[in-house]
Every structure is written in C-alpha cells, then in structure tokens.
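Biologist: Please take a close look at a single part of this model, its opening segment, and set out how that part is built and what surrounds it.

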Amino acid sequence: MLIFLLILLGFIASTFGVIIGAGGGFIFVPLLLLFYNISPEEAAGTGLLIVLISSLSGLITYIKQKRIQYKVGLLLAVGAIPGTFIGHTLISFVPEATFYKVFALMLLGLGFFLIFRAPSEQTTPIISEEKLRRFLPLVGVGVGTISSFFGIGGGFIVVPILMYVFGLRVHLATATSIFALIIYSSIGSIPPLIKGSVDWAVLAWSGIGVLLGSQLGAFISKRLNAGVVTRMLATVVILMGVILIW
C-alpha cells in the first residue's frame, strides 16, 4: 500500500508541477512530511531530486513544442546555481519546527497569490527587457536558495516573475521555468547526495509516478485553461499550508 501511495504521490506532484512549470516539489515535499516518517532535510534532498526527474522527463515535450526561451532560462540558472548551495547550508542550522512554519507560510502566500493573480494568456512587462536581463541572475540567487532549502524547485516563483514582470505568455513561462530548473537543481542536488540526505526508497518508487506524470503534464499543459488549473492548484497549496501549521 505504501509503495502505491508513493507512486501516486509522484504522479500527482509531477503532473501538476509540469503543467505550471514548478516541477511539483511544492506538492511532493509537504505531503511527504505529513504522511511519511522523514526529516525535513531528507525530504528537501529527496524532493529536489524528484523535481529534477520530473523536469527532465517533461523537457523533451517542451522542446518539441518550441516553448522554451533559452536565454532567459540560462540567465536565471546562472544566479540560481550559487543560491542552491546557500539554501542547503541554511537548512542545517534551522530547527525542524521553524522549517515547518516557514514552509507553511510560504505555501499560504503562494496559494493566495495564485488565486488573486490567475494568469491570462498575455501580460504586459513591468520593466524593460534590457533591465530584466540584468535583474534575472539576482532573481535566480533567491530562487536557488529557496529551491534547495525546501527541496521544491522554485518554479512557483519563476513563473509569476516571467509572466507579470517579463511579460511572457503562460505557456512560454512554464516551459522556460522547467528548463532553468533542470540546470540549477542538477547542481543543487549534489550537496544532499554527498551528505546522504536522500531517501532512496522514496525516490525510487515516487520516481516511477514522476516519469508518468511529467509526460501527462507536458501533454495537457497547452490544452487546459491556465486560470482554472492555477486556482485548483492554489486551493491544494493553501490546504497543505494550513495542515502544516496545525
């Protein structure tokens, strides 16, 4: 039964994660913390590898669909790579209770943001493309830190920035986020692998579901209304945040 649940968890997290360009770690990690006997550090390390597998699996479909803005993704990744090492260092010094509270508050903030700012098909850039290209590596540092600290990928931050600041259409923003996520999560997964902060049984069984879910997510992402999917996802994220606080 536990094996089936781990496969199902990987499938659900990957499907939703790839659809919105977030990798699925923000679903996978909190549910793993709630229902599986695992430390926050191991959950974060395992979650980051799950995000990497999910993103790699869905990338091929995005390449075929020509939805990736490669230069934007690379600029984000350049800043995110050093950020991943910062996040992994921080998690060793943060008490478990604090980890849960901060994670829960972040999930609640994300959920309410998604509800009140559901994406349209096209947005208007807030700053010029030239300034944003200089700003993206700095954004990447913050994203990389959050990614490795919580083991969630950070795509939920990248996608809104690409949409509401850079002005990318939602389908381009999600694919570009996945591309950048693959680069910096590959580097960010090195410290937990070296330190042994990975539950290999969880990774193996959930990875099966991830491989299936990522393909489904990439396939249907262009066929679903972005606003509906985002609001459904926001409801789930807020619920998980509330449960973690309690």
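Modeller: Helices (H or I, at least four residues) and strands (E, at least two) are DSSP runs, numbered from the N terminus. The model is predicted: local features need pLDDT of at least 70 and side-chain atom pairs pLDDT 80 or more, while totals for chains, interfaces and linings use all residues. Residues are numbered from 1 along each chain as its sequence is written, and side-chain values use heavy atoms, without hydrogens or water.

Helix α1 covers residues 2–20, 19 in number. From its first C-alpha to its last it reaches 27 Å, close to the 27 Å expected (1.5 Å times one less than the number of residues). Just after α1, Gly-21 takes a positive phi of about 75°.

Among the buried residues of α1 (under 20% relative accessible area, 1.4 Å probe, protein chains only) are Leu-6, Leu-9, Ala-13, Val-18, Ile-19 and Ile-20. Ser-14, also in α1, counts as buried because its relative accessibility is 1%. A polar atom of the Ser-14 side chain lies 2.9 Å from the backbone nitrogen of Ser-214. Beyond four places in sequence, Ser-14 touches (heavy atoms within 4.5 Å) Gly-23, Ser-54, Val-210, Gly-213 and Ser-214.

The largest nonpolar core (buried Ala, Val, Leu, Ile, Met, Phe, Trp, Tyr and Cys joined through side-chain atoms within 4.5 Å) has 38 residues, with Phe-26, Phe-28, Leu-32, Leu-33, Phe-103 and Ile-152 making the most contacts inside it. Elements giving two or more residues to this core include α1, α2 (25–35) and α10 (200–220); α5 gives the most, eight residues.

Notes
Buried < 20%, exposed > 50% of the residue type's maximum accessible area, 1.4 Å probe, protein only. Polar contact = N/O pair within 3.5 Å; in protein donor to acceptor, adjacent residues only side chain to side chain.
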